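This report examines selected helices and their contacts. Please consult the sequence and the model while reading.

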Amino acid sequence: MSSLQHPPTLPRRRPDVAGRPAPLSALARPRDVFAYLGPNWFASVMGTGIVATAAAGLPVHLPGLRFAATLVWAAAALLLVALVAAWAVHLRRHRDTAFGYAADPVMAQFWGAPPMALMTVGGGALLLGGAWIGESAAVTVDLVLWSLGTGLGLLTAVAIPYLMMTRHRIGPDAAFGGWLMPVVPPMVSAANGALLVPHLPAGEARLDMVIACYAMFGISLAATLIILPQLWSRLVVHRVGAARMVPTLWIVLGPLGQSITAAHLLGRAADGVLPDPYAAGAQLLALLYGVPVMGFALLWLALAAAITVRTARAGLPFSLTWWSFTFPVGTLVTGVTGMADRSGSAMLTALAVLLYGLLLAAWATVAARTVRDAWHGHLFLPPAVAARSA
């Protein structure tokens, strides 16, 4: 068991003279905001960025939607910059804590969030940012962030399972949705890499990118197919578990929705790049893979929603795991949008819009709670202390 699970309790500051909690009133000193800054904070960038990118491809055109989406993308980009800067301070002042997260069987899983945050902002730059920063700059930003995110994501896909197999002590009831976090980044790389294909030089560069993206698609899909049965078995045999971990059930939608999105985008990218009959096969795979997986994703969405409602009735404490309600749903929006585009189905178009409405409601709720608890300082407490104060 890691030391992160039993951190010291920090002294609390007093409220201001008016009786209202002062900014960062839960902390002893303002500088303590950097003391326990976990990689799970980057999920807020993912959840904000997907609101923008999902809107960019939505199969309806509402006045002002694209402008609003671009504003949200800019907010995600600024949040990413702020978190990277904060993490630089965290690494300098609290190096042992920062590296200690890898030794924690739960927190280690969230090392998958930083690479996905990078690629989410990069994808938004390509889809939305060109109108503000220029197409050439948008492509450059996406290529840089995609390269960094892909490198980090491949590292987490190997390093975290390695730690689980060699160092972490994993109990029979330990499986949770967070186990998918380290292995999802390659699927995000596959989807976002497909968007970059038309901006690469024709010929070998495009072919290599498509092949690499399909390989990363396979990495993430195979790992997901290994982890999902373990999670299902744990839920059936050991039941739901602690309320604070229930939101992580929604993470399952991430690799499912992202794989549908990746299959669709890679089908597009393969056209004119892969030789026949493989280019035509990529088009078939996009729909014939995407629709059945969408069906299972909707089944999981129903299960996760039912369990969440049941848990909320008894009490669902707020924590950064609530961001699990956002990005995974957003990937399902982009996936269903792709299937609607390919099939011309009015039913799928309506479903994409409905899911986007769910995403907006979840993001607004979680973002508001995050701002409130960050303002008071509760989200910067050590994990165990924050759980007790929730």
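The text below treats one bent helix, a residue that touches it, and a helix pair.

The model is predicted: local features need pLDDT of at least 70 and side-chain atom pairs pLDDT 80 or more, while totals for chains, interfaces and linings use all residues. Residues are numbered from 1 along each chain as its sequence is written, and side-chain values use heavy atoms, without hydrogens and water.

Helices here are DSSP runs (H or I, at least four residues), numbered from the N terminus.

| Helix | Residues |
|---|---|
| Helix 4 | 113–133 |
| Helix 6 | 185–196 |
| Helix 7 | 204–238 |
| Helix 9 | 278–314 |

The end C-alpha atoms of helix 4 are only 26 Å apart, although a straight helix of its 21 residues would reach 30 Å at 1.5 Å a residue (1.5 Å times one less than the number of residues). A kink of about 60° is centred on L127, the bend being the angle between axes fitted to the seven residues ending there and the seven starting there. Of the 21 residues in helix 4, 16 are buried (under 20% relative accessible area, 1.4 Å probe, protein chains only). G134, which follows helix 4, has a positive phi near 95°.

L195 in helix 6 is buried, at 18% relative accessible area. Beyond neighbours within four places in sequence, L195 contacts L126, L127 and L265 (heavy atoms within 4.5 Å).

The axes of helix 7 and helix 9, lines fitted to C-alpha atoms over the stretch in contact, come within 15 Å and cross at roughly 25°. Helix 7 is therefore roughly parallel to helix 9 (angles under 35 degrees). Residues of helix 7 including Y214, F217 and W232 meet residues of helix 9, among them Y289, F296 and W300.

How values were computed
Helices (H or I, at least four residues) and strands (E, at least two) are DSSP runs, numbered from the N terminus. Buried means under 20% relative accessible area, exposed over 50%, partly exposed in between (1.4 Å probe, protein chains only). Axes are lines fitted to C-alpha atoms, for helices over the stretch in contact, and angles run from 0 to 180 degrees between N-to-C directions. Angles under 35 degrees count as roughly parallel, over 145 as roughly antiparallel, 65 to 115 as roughly perpendicular and the rest as oblique.
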